Amino acid sequence: MTTTEDVHALAFMTGDEFHIPTYRLLRQDGSLFDGADVPDLDEDQQKALRLYRAMLVTRVLDERMMAAQRQGRLSFYMQCTGEEAAVIGATAALDDADMIMAQYREQGALAYRGFTYDEFMNQLFGNELDYGKGRQMPIHYGSRKLHYMTISSPLATQIPQATGYAYGQKLAGEGHCTITFFGEGAASEGDFHAALNMAAVHEVPVIFFCRNNGYAISTPAHEQFAADGIAPRAFGYRMHAIRVDGNDVLAVYRATQAARSIAVEKNQPVLIEAMTYRLAAHSSSDDPSGYRSRKEEDAWREKDPILRMRRWLNGKGWWSDDEEKALQENLRREVLETMKRAEKRPPPPLDSLVTDVYADVTPTLQRQLDDLKRHIRRYPDDYPKGALSLDPDVHAEAAVGKSVDDEQGGA
């Protein structure tokens with residue numbers, strides 16, 4: 001519906017008439033701003049500590065797996081470093097049965113919902129316990145039981161998918177919503193605009209959560225768009241919008257909590273723009289020193305969301321330096337032990353390449369699989385993992401033998 005009001009003097013509007021403030025509750029020293037709209041998390045110690053632990057789990061995982069990639073043990077990795085409050089704070093405000101459709105930097109959402117280091121590692125190494133059966137590159141997680149849709153590599157595809165899924169939730173009427181995470185660079189894709197328009201027109205319970213971390217790989221925000229960020233775009237679709245400090249976990253939590261109420265109770269979509277910063281490289285293939293300064297990075301390190309939340313917890317007497325040290329040591333030990341286990345597990349059976357689509361493997365697929373097996377048997381040294389996965393018995397014996405050799409070598 002279009003509304004008009006007659007005027008008789010020529011006047012154009014640019015959008016500069018609107019000013020969107022940034023919602024903040026927590027200062028960097030861990031204290032609340034005067035008059036802050038304190039969320040219920042302020043009284044829920046158990047949930048607050050669950051949230052904080054997920055932030056540390058994510059940070060330690062990122063540090064160790066980036067090191068593993070540099071050692072040649074992993075082909076690729078992407079970190080969430082600096083954006084933990086945005087991702088995990090939003091996830092904590094949801095019902096655990098709400099659907100999450102992520103981009104590729106939201107491992108913290110899985111960590112909060114209980115995804116284990118073993119489950120992370122199995123996917124990263126694509127071994128026989130990987131839910132995706134080794135078909136995806138690293139960091140493309142998915143979990144049916146945790147309501148986390150498997151990551152897709154193409155940019156922004158999850159945004160219109162979230163609208164569609166939320167429409168189904170509306171029809172089901174069970175009181176759930178979908179949240180979709182994406183960066184401000186993905187908001188330049190056509191999928192973003194199509195998704196917001198469909199969500200507004202069909203009135204579906206979806207939260208569009210933009211992590212505005214300042215860079216689309218190497219392209220700074222000021223070269224991506226001329227307007228005031230992403231939040232004002234919601235007005236073009238008559239949608240609720242809020243801009244929040246993405247490094248303030250309390251503000252993110254409270255904003256998402258309120259957004260969920262709007263989505264579920266009114267069947268109306270919401271756009272959240274979380275202002276944050278990617279402290280790490282875009283991926284293990286990126287070198288940020290080519291497009292941003294160390295001074296800029298250091299300034300944002302002073303705004304570390306984990307440090308801010310830790311100070312808040314310390315101030316409430318819910319956390320101590322000794323507990324911090326013990327947890328970090330335990331997490332580092334756990335992630336290293338888990339990585340060693342995942343590396344030793346064999347790859348998925350080769351036959352799994354052609355399963356899961358048809359109830360019975362088609363003749364064409366079977367011929368292709370047979371050709372592949374013959375090729376691998378002819379050149380086993382060129383396809384060591386493929387050779388291991390050809391025969392389950394040989395596969396298992398080889399894995400056991402490798403494990404013994406590794407342990408003896410380590411001794």
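Author: A quick word to start: a residue is called buried when its relative accessible area is under 20%, exposed when it is over 50%, and partly exposed in between. The model is a predicted one.

Reader: Thanks! With that in mind, is Y215 buried or exposed?

Author: The relative accessible area of Y215 is 10%. The cut-off for a buried residue is under 20%. Y215 therefore counts as buried.

Reader: Which residue forms an aromatic pair with Y215?

Author: The structure holds 12 aromatic pairs. In one of them, the ring centres are 6.4 Å apart and the planes stand at 80 degrees, an edge-to-face arrangement. The partner of Y215 in that pair is Y277.

Reader: How many residues apart in sequence are the parts that Y215 and Y277 tie together?

Author: Y215 belongs to strand β6 (residues 215–216), while Y277 is in the loop between β9 (270–275) and α8 (294–301). Y277 is buried too, at 4% relative accessibility. Because the two tyrosines sit in these separate elements, their pair ties together parts whose distance in sequence is 62 residues.

Reader: Which residues form one aromatic cluster?

Author: Here the rings group beyond a single pair, and four residues make up one cluster. The members are F115, F120, Y131 and Y141.

Reader: Which residue lies over the face of W300?

Author: For a charge to sit over a ring, the charged atom has to be within 6 Å of the ring centre. In this case the distance is 4.3 Å. A second example has the charged end of K316 over the ring of W318, at 4.7 Å from its centre. Over W300, the residue is K303.

Reader: How many salt bridges are there, counting the whole structure?

Author: A salt bridge needs a side-chain nitrogen of Lys or Arg within 4 Å of a carboxyl oxygen of Asp or Glu. Searching the whole structure with that rule gives a total of 26.

Reader: What is the N to O distance between D98 and R260?

Author: The side chains of D98 and R260 meet in a salt bridge, with an N to O distance of 2.6 Å. D98 is in the loop between α2 (84–92) and β2 (99–101) and R260 in helix α7, so this bridge ties together parts 162 residues apart in sequence. D98 is buried at 0% relative accessibility, and R260 is buried at 17%. To come back to the distance you asked for, it is 2.6 Å.

Reader: Which residue meets R211 in a salt bridge?

Author: The N to O distance in this bridge of R211 is 2.5 Å, and the partner is E106. The two link distant parts of the chain, with R211 in strand β5 (residues 206–212) and E106 in the loop between β2 and α3 (107–113), 105 residues apart. Both residues are buried. So that the name is clear, the partner of R211 is E106.

Reader: With which residue does D356 form a salt bridge?

Author: The closest N and O atoms of this bridge are 2.9 Å apart, and D356 forms it with K133. D356 lies in the loop between α10 and α11 and K133 in the loop between α4 and β3, so the bridge ties together parts 223 residues apart in sequence. D356 is exposed at 51% relative accessibility. The partner, partly exposed at 31%, is K133.

Reader: What is phi of K133 near?

Author: K133 is found in the loop between α4 (117–125) and β3 (148–149). Its phi is positive, although K133 is a residue other than glycine. H147, in the loop between α4 and β3, also has a positive phi without being a glycine, at about 55 degrees. For K133, phi is near 55 degrees.

Reader: Which residues make a nonpolar surface patch of about 360 Å²?

Author: One of them, M13, is in the segment before β1 (22–23). At 63% relative accessibility, M13 counts as exposed. The patch of about 360 Å² is made by M13, F18 and F235.

Reader: And for the whole protein, what is the radius of gyration?

Author: The protein has 13 helices and nine strands. For 411 residues the globule rule gives 22 Å, and the radius of gyration is close to that, so the protein is as compact as a globular protein of that length. Of the 411 residues, 48% count as buried. The radius of gyration itself is 24 Å.

How values were computed: Residues numbered from 1 in each chain as written. Predicted model: local features only at pLDDT ≥ 70, side-chain atom pairs only at ≥ 80, totals over all residues. Heavy atoms only, no water. Phe/Tyr/Trp six-rings, centres within 6.5 Å; stacked < 30°, edge-to-face > 60°. Helix = DSSP H or I, 4+ residues; strand = E, 2+ residues; numbered from the N terminus. Buried < 20%, exposed > 50% of the residue type's maximum accessible area, 1.4 Å probe, protein only. Lys NZ or Arg CZ within 6 Å of the ring centre and 35° of its normal. Patch = residues over 30% accessible without salt bridge, like charges linked within 9 Å, V, L, I, M, F, W, Y side chains within 5 Å. Areas by Shrake-Rupley, 256 points an atom, 1.4 Å probe, with all protein chains shown as cover. Rg over C-alpha atoms; globule rule 2.2 N^0.38 Å.
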